[in-house]
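Q: Please give me a close look at the salt bridges here, and walk me through the parts of the fold that they connect.

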Amino acid sequence: MTDRMLSRVERLRADFDHSFSVPARTMDDDGVELLAIGAGGRAYVLRLSQTSGLYPDRPVVPLPTTVPALRGLAGFAGVVVPVYDLAALLGHAIAEEPRWLVLAAGTPPLALAFHQLDHHVRVPAADVVDGSGTSSRGCLRGMVRLPDGDRPLVDVPATRALAHRMAGHDHPEVTS
């Protein structure tokens, strides 16, 4: 085992042991679960309720396409899903190979690739400022106040709709 792996194992063990010293948390209805991520060199958040899975280092098979944001196809539990680069959908340059894939909840199936997973966070609903209809390209829906700074909120259903419009087909049965 390398020093890096030993260090990670020790950190995971310490986190596990520490979890028993923290008081049990209750789930109230006034909180919003978020994933703080990085895409295109900028910080964003995704609503956890709009996703159905998070995967690191998932193989993506490239496709010949004229849609730059379409990275290719990936398999999830026997289902082949198109993977789009979130940075490209948000209008950023695609600078590096994304490491993370988030599977969007709803249909048709879609995965979004991004470069950095910062953390998972639960915030009071009052810290989420709704901005429906005020974003560029229609994928950002407000801001979220986090301890490490405010972040734009990526709306996954709007992102799915944009990806399908870019691919030249709309799905009337798109659901969130």
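A: Let's begin with the term itself: a salt bridge is counted when a side-chain nitrogen of Lys or Arg lies within 4 Å of a carboxyl oxygen of Asp or Glu. The idea behind it is that side chains of opposite charge can pair when their charged atoms come close.

Please keep in mind that this is a predicted model, in which local features need pLDDT of at least 70 and side-chain atom pairs count only at pLDDT 80 or more, while totals for chains, interfaces and linings use all residues. Residues are numbered from 1 along each chain as its sequence is written, and side-chain values use heavy atoms, with hydrogens and water left out.

First, the setting. Helices (H or I, at least four residues) and strands (E, at least two) are DSSP runs numbered from the N terminus. The protein chain has three helices and 11 strands, in the sequence order α-β-β-β-β-β-α-β-β-β-β-β-β-α. A residue is buried under 20% relative accessible area, exposed over 50%, and partly exposed in between (1.4 Å probe, protein chains only). Of the 176 residues in the protein chain, 39% are buried.

Now to the pairs. The structure holds seven salt bridges. One of them brings together the side chains of Arg122 and Glu33, at 2.7 Å from N to O. Arg122 belongs to strand 8 (residues 116-124) and Glu33 to strand 1 (residues 31-39), so this salt bridge ties together parts that are 89 residues apart in sequence. Arg122 is partly exposed, with a relative accessible area of 29%.

A second example joins the side chains of Arg71 and Asp85, at 3.1 Å from N to O. This pair links distant parts of the chain, with Arg71 in strand 4 (residues 70-76) and Asp85 in strand 5 (residues 79-85), 14 residues apart. Arg71 is buried, and so is Asp85.

The third pair worth a look is Asp127 with Arg145, whose side chains meet at 3.5 Å from N to O. Asp127 sits in the loop between strand 8 and strand 9 (128-129), and Arg145 in strand 10 (residues 140-146), so the salt bridge ties together parts that are 18 residues apart in sequence. Arg145 counts as partly exposed, at 46% relative accessibility. Returning to Arg71 and Asp85, salt bridges that share partners join them with Glu97 into one network.

How do these strands fit together? Two strands pair if DSSP finds at least two bridges between them. Six strands form an open sheet with mixed pairing, in the order 8-1-2-11-10-9. Strand 8 and strand 9 are its edge strands, each pairing on one side only. Further in, strand 2 and strand 11 (residues 149-154) run parallel and are joined by two bridges; Leu46 has Val154 as its bridge partner in strand 11.

The nonpolar surroundings complete the picture. A nonpolar core is a set of buried Ala, Val, Leu, Ile, Met, Phe, Trp, Tyr and Cys residues joined through side-chain atoms within 4.5 Å, and a contact means heavy atoms within 4.5 Å. The largest nonpolar core has 26 residues, and Tyr84 and Leu112 have the most contacts inside it. Strand 1, strand 2 (42-47), helix 2 (86-89), strand 6 (100-104), strand 7 (111-114) and helix 3 each give two or more residues to this core. Helix 2 gives the most, with four residues. Tyr84 also leads back to the charged network: leaving aside residues up to four places away in sequence, Tyr84 touches Arg71, and its other contacts include Val67, Leu89, Leu112 and Ala163. Apart from the largest core lies another, of 10 residues, among them Leu34, Ala36, Leu146 and Leu153.

Finally, two loop details. Ala77 lies in the loop between strand 4 and strand 5, and has a positive phi of about 50 degrees although it is not a glycine. At 83% relative accessibility, Ala77 counts as exposed, whereas Arg71 and Asp85 are buried. In the loop between strand 6 and strand 7 lies Pro108, joined to Thr107 by a cis peptide bond with omega about -10 degrees.
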